[in-house]
Amino acid sequence: MGYSGQERRKYPRATGRFIVSYRILENNGNTDISQTKNLSLGGMLLTTNCQFSPGTNLALEIRVPFDPAPIMLIAKILESKEITKDIIYDTRLIFLAIDEKHRKVINETVGYYLKKG
């Protein structure tokens, strides 16, 4: 389901595969590991191995090349779309809570990958 009309993204997205560990915020259950397809200051597209309901909150740890410490934040699922039956889902997330330091790291990372193009 594509969007018609205006591009709704506020921030430019950089294509890049960054390692992300994620778990559903509300339960301290299993953490899964995946990769991003793209990343921006406002959110990201992540490949997941299960389908999530829109509105689900995830706790994330993103590893980027420029910072040895993972970026920790909370994101909300906008959409989770099946790509390969029962195996791969493209899951779009919007960041909810992110501190200034991590915001800066994401900004620098996105800037670098956009320039690299």
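Asn 38 has a bridge partner in strand 4, and that partner is Leu 45. This is a predicted model, and this bridge is the way in. Asn 38 belongs to strand 3, which covers residues 32-39. Strands 3 and 4 pair in the antiparallel sense, over 3 bridges. Together they make a hairpin, with 3 residues between the two strands.

Strand 4 has a second partner. Strand 7 runs antiparallel to strand 4, and 6 bridges join the two. One position to look at is Thr 47, which stands opposite Asp 90 of strand 7. Strand 4 therefore pairs with both strand 3 and strand 7, since two bridges are enough for strands to count as paired.

How much of strand 4 is buried? Strand 4 spans residues 43-48, and 6 of its 6 residues are buried. In a regular strand, side chains alternate between the two faces of the sheet. Here both faces are covered. Gly 43, Leu 45 and Thr 47 are buried on one side. Met 44, Leu 46 and Thr 48 are buried on the other. Leu 45, the bridge partner of Asn 38, thus sits in the row with Thr 47.

Next, strand 2, residues 19-24, which holds Ser 21. The relative accessible area of Ser 21 is 17%. Ser 21 counts as buried because that value is under the 20% limit. What does Ser 21 touch, beyond its neighbours within four places in sequence? Its contacts are Thr 31, Asp 32, Ile 33, Ala 59, Leu 60 and Glu 61. Of these, Asp 32 and Ile 33 fall in strand 3, residues 32-39. Ala 59, Leu 60 and Glu 61 fall in strand 5, residues 57-63.

Now the loop between strand 6 (71-84) and strand 7 (88-97). Asp 86 lies in this loop. Its phi is positive, about 60 degrees, although Asp 86 is not a glycine. Is Asp 86 buried or exposed? Asp 86 has a relative accessible area of 55%, so it counts as exposed, the cut-off being over 50%.

Strand 7 also reaches the surface. Ile 94 has its place in that strand. Its relative accessibility is 34%, so Ile 94 counts as partly exposed. Ile 94 joins Leu 78 and Leu 96 in a nonpolar patch on the surface. Together the three have about 230 Å² of accessible area.

The last stop is the aromatic rings. A pair of aromatic rings is described by the distance of the centres and the angle of the planes. The whole structure holds 4 aromatic pairs. One of them is Phe 66 with Tyr 112, an edge-to-face pair. The centres are 5.0 Å apart, with 75 degrees between the planes. This pair links distant parts of the chain, 46 residues apart. Phe 66 sits in the loop between strand 5 and strand 6, while Tyr 112 is in helix 1 (residues 100-116). Phe 66 is partly exposed, at 43% relative accessibility. Tyr 112 is also partly exposed, at 38%.

Tyr 112 has another ring partner, Tyr 113. That pair is edge-to-face too, at 5.3 Å centre to centre and 80 degrees between the planes. Which residues do the ring pairs link into a cluster? Phe 18, Phe 66, Tyr 112 and Tyr 113.

Key: Residues are numbered from 1 along each chain as its sequence is written. This is a predicted model: local features need pLDDT of at least 70, side-chain atom pairs count only at pLDDT 80 or more; totals for chains, interfaces and linings use all residues. Side-chain values use heavy atoms; hydrogens and water are left out. Helices (H or I, at least four residues) and strands (E, at least two) are DSSP runs, numbered from the N terminus. Buried means under 20% relative accessible area, exposed over 50%, partly exposed in between (1.4 Å probe, protein chains only). Contact means heavy atoms within 4.5 Å. Patches are made of residues with over 30% relative accessible area and no salt bridge: like charges are joined within 9 Å, nonpolar side chains (Val, Leu, Ile, Met, Phe, Trp, Tyr) within 5 Å. Accessible areas come from the Shrake-Rupley method with a 1.4 Å probe; for residues, only the protein chains shown count as cover. A salt bridge is a side-chain nitrogen of Lys or Arg within 4 Å of a carboxyl oxygen of Asp or Glu. Rings of Phe, Tyr and Trp (its six-membered ring) pair if their centres lie within 6.5 Å; planes under 30 degrees apart count as stacked, over 60 as edge-to-face and the rest as tilted.
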